[in-house]
Amino acid sequence: MDKFLKQTKALADGNRLRIIAALLRQPELCVCQITELLGLSTATVSRHISVIQNAGLVTSRKDSRWVYYRLADDFPGRLRQWLEEELMHSREMEKDRLTLKLILSMSVEDLCSKRGR
């Protein structure tokens, strides 16, 4: 039950849902890319990611100076299906999809350097 409660809490915030939605579309994203997508401070994004990670919904890997996040290998299939059916076609998610496309057109090095990392 504890895992379920952590996952529910992780999904109870719009910005965390936006992170999950972006990771449903993209195999992995650098924290700089997520920060750019959400338009929030790095500290705020890190707190959101921490909640999602503690719920077991995402995992991370470090590559040189960059930290990349992806959905956990055991991300619940029913949750994925529900999010894709109910969330992915919303106006905000469509806007995020277009924004993410622009973000992905930049190299991680350029994007993170631009953001002062």
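## Close-up views of the predicted model

**View A. Ser64 sits out in the open: with a relative accessible area of 58%, it counts as exposed.** The cut-offs here are over 50% for exposed, under 20% for buried and anything in between for partly exposed, using a 1.4 Å probe and protein chains only. This is a predicted model, so local features need pLDDT of at least 70 and side-chain atom pairs count only at pLDDT 80 or more, while totals for chains, interfaces and linings use all residues. Residues are numbered from 1 along each chain as its sequence is written, and side-chain values use heavy atoms, with hydrogens and water left out. Ser64 belongs to the loop between E2 and E3. Helices (H or I, at least four residues) and strands (E, at least two) are DSSP runs, numbered from the N terminus. Ser64 isn't a glycine, yet its phi is positive, at about 60 degrees. Most residues other than glycine have a negative phi.

**View B. Next door is Asp63, part of strand E2 (residues 58–63).** Its relative accessible area is 36%, which means that Asp63 is partly exposed. Look across to Cys30: it is 33 residues from Asp63 along the chain, and 9.6 Å separate their C-alpha atoms.

**View C. Here is the largest nonpolar core, with 37 residues.** A nonpolar core is a set of buried Ala, Val, Leu, Ile, Met, Phe, Trp, Tyr and Cys residues joined through side-chain atoms within 4.5 Å. Ile20, Cys30, Ile34, Leu57 and Leu83 have the most contacts inside this core. Among the elements that give it two or more residues are helix H2 (14–25), strand E1 (29–30), helix H3 (31–38) and helix H4 (42–54). H2 supplies the largest share, 7 residues. In soluble globular proteins, nonpolar side chains tend to be buried together. Zoom in on Ile34 and, once you skip its neighbours within four places in sequence, you find it in contact with Ile19, Leu29, Val45, Ile49 and Tyr69. Contact here means heavy atoms within 4.5 Å.

**View D. Helix H3 is mostly covered, with 7 of its 8 residues buried.** Those buried residues are Val31, Cys32, Gln33, Ile34, Thr35, Leu37 and Leu38. They pack against H2, E1, H4, E3, H6 and H7. Just after H3 comes Gly39, with a positive phi near 70 degrees.

**View E. H2 meets H3, with axes that come within 11 Å and cross at roughly 125 degrees.** That angle makes H2 oblique to H3. Angles under 35 degrees count as roughly parallel, over 145 as roughly antiparallel, 65 to 115 as roughly perpendicular and the rest as oblique. The axes are lines fitted to C-alpha atoms, for helices over the stretch in contact, and the angles run from 0 to 180 degrees between N-to-C directions. From H2, the residues involved are Asn15, Arg18, Ile19 and Ala22, and they meet Ile34, Leu37 and Leu38 in H3. Sorted by type, the residues of this contact are 5 nonpolar, 1 polar and 1 charged. In this sorting, Ala, Val, Leu, Ile, Met, Phe, Trp, Tyr, Cys and Pro are nonpolar, Asp, Glu, Lys and Arg are charged, and the others, Gly among them, are polar.

**View F. H2 also packs on H6, at an angle of about 55 degrees and with the axes 11 Å apart.** H2 and H6 are therefore oblique to each other. The crossing of H2 past H6 is right-handed, meaning that the near helix is turned clockwise from the far one by less than a right angle (anticlockwise would be left-handed). Arg18, Ala21, Ala22 and Arg25 of H2 meet Glu92, Met93, Glu94, Asp96, Arg97 and Leu100 of H6. This contact has 4 nonpolar residues, 6 charged ones and no polar ones.

**View G. Gln7 is a residue of helix H1 (residues 2–10).** Gln7 counts as buried because its relative accessibility is 13%. Leaving out residues up to four places away in sequence, Gln7 touches Ala55, Leu57 and Pro76.

**View H. Ala72 lies in the loop between E3 and H5.** Ala72 is buried, with a relative accessible area of 6%. Setting aside neighbours within four places in sequence, its contacts are Gly56, Leu57, Val58 and Thr59. From Ala72 to Gln53 is 19 residues in sequence and 8.7 Å in space, C-alpha to C-alpha.
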